[in-house]
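Reader: Hello! I am new to this structure and would love a close look at one part of it. Could you pick a spot and walk me through what surrounds it?

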Amino acid sequence: MARPLVTKSQNEPHGSSVFNPLSTTPATNLASPLPPDLDADILFIGGKDVRHILYTAYAEVGGGPYRDSEEHRRDGRNAGHEQRSLKQRKIDITVSNHDKYVVARNVLVLSLILDLKGLEEETEEDGDITKERLARIFDIYHTRFLPDPDTRALLALHASLLCQVSKTLDDWARGPYGKTIHFFNQKSLDAVRHVWEQYASAAAASPESETSEKVAELQAAVAEGMKLSPDEYQSWTLGSSAAPLTTLLKDNIRNYVQWGWNLDQKAGELKKMVANPTFAVGLLSGSDSETGSAPNPQSPSQGRHCRRLAYPSNGVLGYHLALAKAPLTELSPLRPSKEEDDDDTDDDKGIPPIHHVTMHQFTQWSMAFRELAMASTLAGGKQNETRLTIRFAVNGWFTLCQSLLHPPASAPEKAETRKKQFDIVDTTDLSLSMVWCPSSADVPDPPGLLGLMIAAKRLLKDRASSTLVMDDGEGVSLVTSGDDVDGGDDAENNDSLTNSTTASFILGLTPVEYWSNASLRATVDECLGAAAEFYDEDVVDAGRGSKDQEAAAARVKKLEEMGGLQISNRVLRKHSRRLSPDQKHRAVKRPVVVDAKELAEAAWRLYQDLVMSKAEGQRVVQQGQELVKVSWGQGLWQTLLGFLGVVCGQFETNREEFRRVILEKIGGHATQDALLRTALEGVSATEEAEADGCPVFTASFDVTSGTLKTITGHLDFVTEEDKRLLADRTVPISLRQSSPWTIDIVLGSGGGTLVKPLVFPTPVLKEGSKTRIARTSGYIEVMAPAILNPRSAIPSSVLDGYIFPTVLQPASSADSSSSEPTQLMLPVSLNCPTVNLDSLPILSLSDTSRLTFLSTLAASIYSPRELRVRNAAMEQGLPESSWGSARLTLKESFHTMIIIAAGLQVGQTGLFALSGSGSSSSDGRHILILISAIRLDCSAQSGGGLVIDAAVLPLTRDLLAKNNKSETDGHKGEHTEEEEEEEEDLQSFLILLRTLECVDMVITDAELLLWKSLLPAFAERCRTYSHSPSSCEYNYSQNCSIPLSLQKGEPVLCTCGTGHFPPSYLSLPLWDSVASRHATRVAISIPYCSPAAEKVVFDPVLAKKIAERGLEDAVLKKKKEERCRFCGKGEEELVGELRAKGGETAGTAGIGEEKKKTEVLRKCARCLKVRYCCLECQRRDWKTHKTECVESERHQDR
């Protein structure tokens, strides 16, 4: 099995605890899973770092989200409807952490930021004062020592102020920060006020005064706390903050962090600097961090020895450090100022000091937080509620969730402890070790991941956009043959929590990334760093005769052979059934029918695997049946009751039989029986108004394994016309699979006279399904096998087009004004996080030598399985239409687009056309993509990759008809002179594109369908406008679907987004005046393979070189090595292949030999720049290369 990652908690001495005040996870936008105009209620469990909150605010307002000015406002004349600006939404974040010292630090820093003046409100002199104050706030939060007396004075003064306004919740609410920052209860407020009192006392202490003993005590606390050896930490994780430039910055960051740690260790030991109270106080008072009690004043050393500072606890980690090396344009957001860039660069590498980069981001994010906190929503032209609310709770995750699910009966209606549901439950900062840690859960027997998922399931709102963001903490592990991607069709994935069809079906959570096998998060940098770390460790173990020598040697061989690494980063969404078009306004949900014994066996198997196997207990056999005797504590018992309640709420079953089977499993007694009975009776299954013809589904489980087997859909024909058609035995009946969730029942030949979709509650297969047709009784049943392993052959073909699904979700009444209808269907992208394009950094493409990392990112789009298929097809010379996967050819197009747009090959252009195989260019082109910029997204959940900022212009029949209308339509009076001029200008624009360097990417019909299905997700994720309730085509078109149509020449996107572009978006003639009115802005990102579904791998050739030479040498070698333009094979690889076939090369043949020498890479005979390994690769690449191939000057000189 794969080697597990050793967590920090496993390295700690028995009885010790760790103070972990800073996260190493790159700052992420907590609201990114939601549409940009949907109010966000977020539960951030285990939150220990304010950078996520600051960056969320920056993503909301930073860079200035584009709003139409009078100059660029589109009057909607071409679209036929009004243009609506983006609704200003409210963001409500509840942050919990069991450590009061972490919460106290976060509230302290946020309140300091709220006290700042806006930079735009000040004179130049005042602006310098604000920046200086921000630098002091940065030091208070991030540095372990505060030598500057003015910074300590600021901390002491502000901590004293916080103590004065925090005696009661009412006092806090009336204070200067109560409008934005709230506390969950009085207990949480009392706990942090006690910490602030210690801050005030410690910061006021001076080495030269009577309080020097206090200063010495703080210095000793830091010195003692920093004895944790950095060698015990997986240093490759430091590189995640530098993605996607980890390969270039990893050593810089590691050295910077290590240098800072060693320096502070010596400073603490020598007592040369004053310790930062926000660190030292947390280390001194380890024993009371969870209880909230004061430390024993008679034994100060006792607390000092209880806490150790988590490594690395460095202020730079968590910021987007790739911007220290990435080439950015002069006007790019988050680009360090020229003064910082020129001041003290890192030797000759031109890397701005990492501290300057982080300080610049902290400044920008902090001012955005203040701006959002000061803003108010507008309702009816009047200021309403604040747009940003942060609520803090000093609670373990289990206790907090239980308090939210079961608030005290005496809690006031507006109290923070009232029952509340959330749009997002985020556990980004909650590591796997903390899930099982009793102190972080506030119960002695935490139920682990299942308990967390059950709580999240019950706290999430019942809507398609609701999201559980979870990182299970496994980190990186080597993939073994048992985890290979070529498992059998019936193989259930080994991970029974997030990757299991059965588990997700029982819990009612849909792991979207698992089914789609698509993620925006690039993991190639983590793979590279981890490969180098693991390889170095294993080589040392294998060479020094370690007891694990054989295992280490085997892992080295595995890396050399496969070069594959798996990274765990999963996103799960609460299940919300998508409705068929004719039911879009009728949310009909009927529970799935299941046999009680089968359901109980499956549920117990899941609970046993995830909880019971980790709980201390005794297994006994009674009458041939294995029973588990466990001392049921609060955590285990409440989780079991909640779990069984969720299961029974999902399904329609015999609850008495279900209870009896469960009671037998736990070996319970009368008291437990009573509790079970009460819990199950108190749960009501989903019961809503039943519509005529609503399908009924029945699930079947394997009793022995507890695995889901089949789903049977029963559909009654209700209308007399439908009954007559079904009763007619001459009418053929067939099935077709229109999506992984949907099997259509087709009555009639051809396209069908009548189509009845069955939308199943989990992905199923038409292949192997059975149909029962009752023509007389008027119903049809389809029993379909559930997909257990999406990686096997048949399911993967069904899921091939399921990449970034976008569904329609009913908007709440709060999303529309009172004068507009409330049945607006809001598009929701399920696994394509939203971005504020205008706040993302812009890459400078002028110097391609600094863009080599883009090649690695583009190449990592393929998984090992896809690489095998791709390489085999190329070797056989198969056309892309014969590759057997539209997804694979789509990735080929993405790869081509990035390479050409960045200018990494010969030639550069941002104009692309998706073309068919038509004989003429006008007939062949279907969609135009006009790239404005390539941006970097470095956030944790959606980043580490590229975002192509582009305009998309679908060439629909209606649009093209406008160009010919003036020639064919003789009724000139029907059009105004202005409209006729616009039509002529549009035709001129399209003709102009033919004269420019526009790359025609010839694609198959299947790939064209994929592009059309992806465009809505790319448009919605960067939307700066609101959909019109009265005219949005997603709501009022014939099919009310998204995309609007997949047919050739038909519209794909609604017209709500046409014309919404910032000024000077594209430097093209007629763009601003004409073409932009018909185009939509999109944020295109590469669909990387999801680590939840299969191996995520980087270039296997590079992997082998890492094993041979080490990380840095391998990366540098690959940059210098000549490679085939089409297949990417390098000289070394081609030489090896030729030698294996018995051939000789120009580099290997001896001097003076008579044998004919063979070059492994030959230049294009025309341009003499691009190289190919064979004529077949050159022929297949010509459709792209011909747009950039310029005759060499050598030919012209002849």
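Author: Happy to. Please keep in mind that this is a predicted model. Let us start with the inside of the protein and then move to the part I have picked, the region around Arg775.

The largest nonpolar core has 191 residues, and Trp172, Trp196, Phe369 and Ile929 are those with the most contacts inside it. Helix α2, residues 100-114, supplies the largest share of this core, with 11 residues. A second, separate core holds 81 residues, among them Met453, Leu599, Phe701 and Val731. Keep Val731 in mind, as this residue will come back below. As a general background, nonpolar side chains in soluble globular proteins tend to be buried together.

To see what one of the central residues of the largest core meets, take Trp172. Leaving aside neighbours within four places in sequence, Trp172 is in contact with residues including Val107, Leu162, Tyr177, Phe183, Leu189 and Trp196. Trp196 is itself one of the residues with the most contacts in that core.

A few overall values help to set the scene. The protein has 39 helices and 35 strands, and buried residues make up 58% of its 1198 residues. Among contacts between residues at least 6 apart in sequence, 75% join residues at least 24 apart.

Now to the chosen part, beginning with a sheet. Six strands, in the order β18-β15-β19-β20-β25-β24, form an open sheet with mixed pairing. Because β18 (651-652) and β24 (770-774) stand at the edges with a single partner strand each, one side of each is left without a neighbour in the sheet. The partner of β24 at this end is β25, residues 779-785, and the two pair in the antiparallel sense over 5 bridges. Within that pairing, Lys770 stands opposite Met783 of β25.

Between β24 and β25 runs a loop, and Arg775 is found in it. Is Arg775 buried or exposed? Its relative accessibility is 14%, and buried means under 20%, so Arg775 counts as buried.

What does Arg775 touch? Not counting residues up to four places away in sequence, Arg775 touches Leu725, Leu726, Ala727, Asp728, Arg729, Val731 and Ile733. Here Val731 returns, the residue included in the second core. Arg775 also lies 7.9 Å from Lys723, C-alpha to C-alpha, although the two are 52 residues apart in sequence.

Those contacts lead to another element. Helix α25 covers residues 720-727, and Leu725, Leu726 and Ala727, which Arg775 touches, fall in that range. Ile733, another contact of Arg775, belongs to β21 (733-739).

That strand is part of a second sheet. Three strands, in the order β21-β22-β23, form this open sheet, and the pairing is antiparallel. With β21 and β23 (754-759) at the edges, each having a single partner strand, one side of each is therefore left without a neighbour in the sheet. From one strand to the next, the twist averages 25°. Strand β22, residues 742-747, pairs with β23 in the antiparallel sense over 6 bridges, and the bridge partner of Ile743 in β23 is Leu758. Helix α25 packs on this sheet, touching β21, β22 and β23, and its direction makes about 100° with that of β23.

To put the picture together: Arg775 sits in the loop between β24 and β25, and its contacts include Leu725 and Ile733.

How values were computed
Residues are numbered from 1 along each chain as its sequence is written. This is a predicted model: local features need pLDDT of at least 70, side-chain atom pairs count only at pLDDT 80 or more; totals for chains, interfaces and linings use all residues. Side-chain values use heavy atoms; hydrogens and water are left out. A nonpolar core is a set of buried Ala, Val, Leu, Ile, Met, Phe, Trp, Tyr and Cys residues joined through side-chain atoms within 4.5 Å. Buried means under 20% relative accessible area, exposed over 50%, partly exposed in between (1.4 Å probe, protein chains only). Helices (H or I, at least four residues) and strands (E, at least two) are DSSP runs, numbered from the N terminus. Contact means heavy atoms within 4.5 Å. Two strands pair if DSSP finds at least two bridges between them. Axes are lines fitted to C-alpha atoms, for helices over the stretch in contact, and angles run from 0 to 180 degrees between N-to-C directions.
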